[in-house]
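Me: I would like to go through this model with you, beginning with the ligand and then moving to the chain contact. Could you keep the answers plain?

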Amino acid sequence: MEIKRVGIIGAGTMGAGIAQVCLQSGYQVFLCDANQQVLDKAKGSITARLQKLNQEDTLSNLNLITQIVDLASCHVVIEAVPERLELKRAIFQELAQVCSDDSLLLSNTSSISITEIAAGIPHPERILGFHFFNPAPVMPLVEVIVGYQSGQEEAEQALQFAAKLGKKPVKVKDSPGFIVNRVARPYYNEALRIVGDGIASVEQIDRIMTGAGGFKMGPFALQDLIGIDINFATTQSVYQGFFQESRFKPSRLQERMVQAGTLGKKTGGGFYEYTN
Amino acid sequence: MSTPIKVLVEGVGPQGDAWKGMLQEKGFLVQSIEEAGDGLDVQFALEVTNSDLTIKRQRVQKLDQMLPTGIPLLVTTLAVTATEVASWTRHPQRVCGFGTFLPLEEGNLIEIAPALQTDPSILAQAATFFSALGKETEVVEDEVGLVFPRILSLIINEAIFALIERVAEPEDIDQGMKLGTNYPFGPLRWADRVGLDEVYSVIDGLHREMKEERYRPAPLLRKMVLAGWLGEGVGRGFYTYEIEKEGNYAKQS
Ligand SMILES: NC(=O)c1ccc[n+]([C@@H]2O[C@H](COP(=O)([O-])OP(=O)(O)OC[C@H]3O[C@@H](n4cnc5c(N)ncnc54)[C@H](O)[C@@H]3O)[C@@H](O)[C@H]2O)c1
């Protein structure tokens, strides 16, 4: 199967970015969202970014649609709707009926088990995780998640497709947090523990990790940038995924900050104060 | 030119030679216990063993016996607290902890951790000493592994658990972390640079000190240390390295 037409469901932050990446790589793109206003907004932002790159000619390959049934002719579909299992499962059920049996059905989920999304859906071998990082047009990594029932051949196709998109894919077995969100946990979690135990301050730890360790940003400045609520939710999801393995235990300090609504840069304050 | 500061450096493992080299390069006069003989007139003594605490204890006690009481005894605290090291000596007030990971020339900051017993004047001398090496310093509370070695070791430990579980190949784990989070090195490649024995001594030290499951060392890490696959320095770790010239290895795969 030669991949020519790519469908994307969900035209939010990730879906719009992924659509841009696919356009830039020369694919016919079918961008689907339940909400027409979101589609129009996505088209606007994609247009602006492609104009900056002098690639607006690829816009003729962008098709905006509101019905999943209009994705029937796509060779690959990437799902990027909000992070709710039941919503994603319903979409994959519908996709499985609409799309051909040899299409690749991919989910951009950042924390839900791809095995659970695919369970009970006809031809689960074609369902894989395809985890982009935000912003999708800039970040080079895609984690290709191989679920319990995903096919090895299909996994190879997904890896090749990611490479065609100009990305650097890594192959990952379905497990909580995949690679990146899992292995990065101690950077935040242990830093929080060290503060909680009174060993060093937030500012000191950031200075030490950049000065002694060569990290580009300290763990607290980085949490402020990501959003402390987002970071906390990721930790909780990995912690639950590992049946409460103590290595991943969330921090009470972080929980208090989420409760207080001091979530980082986006609220003007988190571990640091921001004025603009 | 003023007379060079004399420093006694003791330590088995990768940090001994590294500290000697660094100090010599910066114009310090470096001696070992044997060279110093009886006429010990050094201004500072460093003990930088991390992987073997029995040896560390012997060396620290020997230094404590030999050195005049006012000479600062600066000890690495990657695997043990400064407070515990101080408790091995008859002059605990002169002991002060510090530490970082190799290679020493890369980081521009050294962490200093005074023991509960450390005299404030010794702490001040320690800070002056590391500043003279051109390093910034941060004084943190005394706990095994300080801040940077502790956090990096636990990232490496998690990468090894993922490897044990066959979640991904070593190259994919490293590529994922470099591209997904902007780390300067992938964690497995980083472990090879630092030395697996050093990483293991931090995690095992935290596990022994805290008695928490959270700090359980990945079994493969321990096995690789036992097998002598300590990383770049010996030509084999998570990757293999070709010997370029004596003591110098290039990454092969
Ligand atoms: N934002 C990130 O940093 C990031 C990074 C990696 C992965 N992800 C994952 O990507 C997915 C999407 O995240 P996002 O941040 O783009 O969310 P978002 O809220 O910005 O966008 C989701 C879009 O899906 C649309 N939608 C909802 N239900 C739909 C339906 N039934 N049919 C069609 N469209 C529907 C919504 O209208 C919305 O436009 C999530 O699974 C998330 O975990 C997000």
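Me: How far is an oxygen atom of the ligand from an N or O atom in the side chain of N108(A)?

Reply: The distance is 2.9 Å for N108(A). This is a predicted model, in which local features need pLDDT of at least 70 and side-chain atom pairs count only at pLDDT 80 or more, while totals for chains, interfaces and linings use all residues. Residues are numbered from 1 along each chain as its sequence is written, chains are lettered from A and ligands numbered from 1 in the order in which they are written, and side-chain values use heavy atoms, with hydrogens and water left out.

Me: What about the side chain of D33(A) and an oxygen atom of the ligand?

Reply: There, an N or O atom of the D33(A) side chain is 2.7 Å from a ligand oxygen. For K88(A), a polar side-chain atom likewise lies 2.7 Å from an oxygen atom of the ligand.

Me: How much of the ligand does the protein cover?

Reply: On its own the ligand has 840 Å² of accessible area (Shrake-Rupley method, 1.4 Å probe), and the protein covers 72% of that.

Me: Which elements give two or more residues to the shell around the ligand?

Reply: They are α1 (13-24), α3 (85-98) and β6 (127-132) of chain A, where helices are DSSP runs of H or I with at least four residues and strands are runs of E with at least two, numbered from the N terminus. The largest share, 3 residues, comes from α3(A).

Me: Turning to the chains, how many residues does each bring to the contact?

Reply: Chain B and chain A bring 45 residues each, contact meaning heavy atoms within 4.5 Å.

Me: And how much area do they bury between them?

Reply: About 4,000 Å², with 61% of it on carbon and sulfur atoms. Buried area is the accessible area (1.4 Å probe) that two parts lose on being put together, summed over both.

Me: How many salt bridges are there between chain B and chain A?

Reply: The count is 7, a salt bridge being a side-chain nitrogen of Lys or Arg within 4 Å of a carboxyl oxygen of Asp or Glu. One of them joins E138(B) to R207(A), with the closest N and O atoms 2.5 Å apart.

Me: Which elements of chain B supply at least two residues to the side that touches chain A?

Reply: In chain B these are β6 (109-114), β7 (136-139), α6 (148-164), α7 (170-181) and α8 (187-194). Of these, α6(B) gives the most, with 10 residues.

Note on methods: A polar contact is a pair of N or O atoms within 3.5 Å; within protein, one must be able to donate a hydrogen and the other to accept it, and residues adjacent in sequence count only if both atoms are side-chain atoms.
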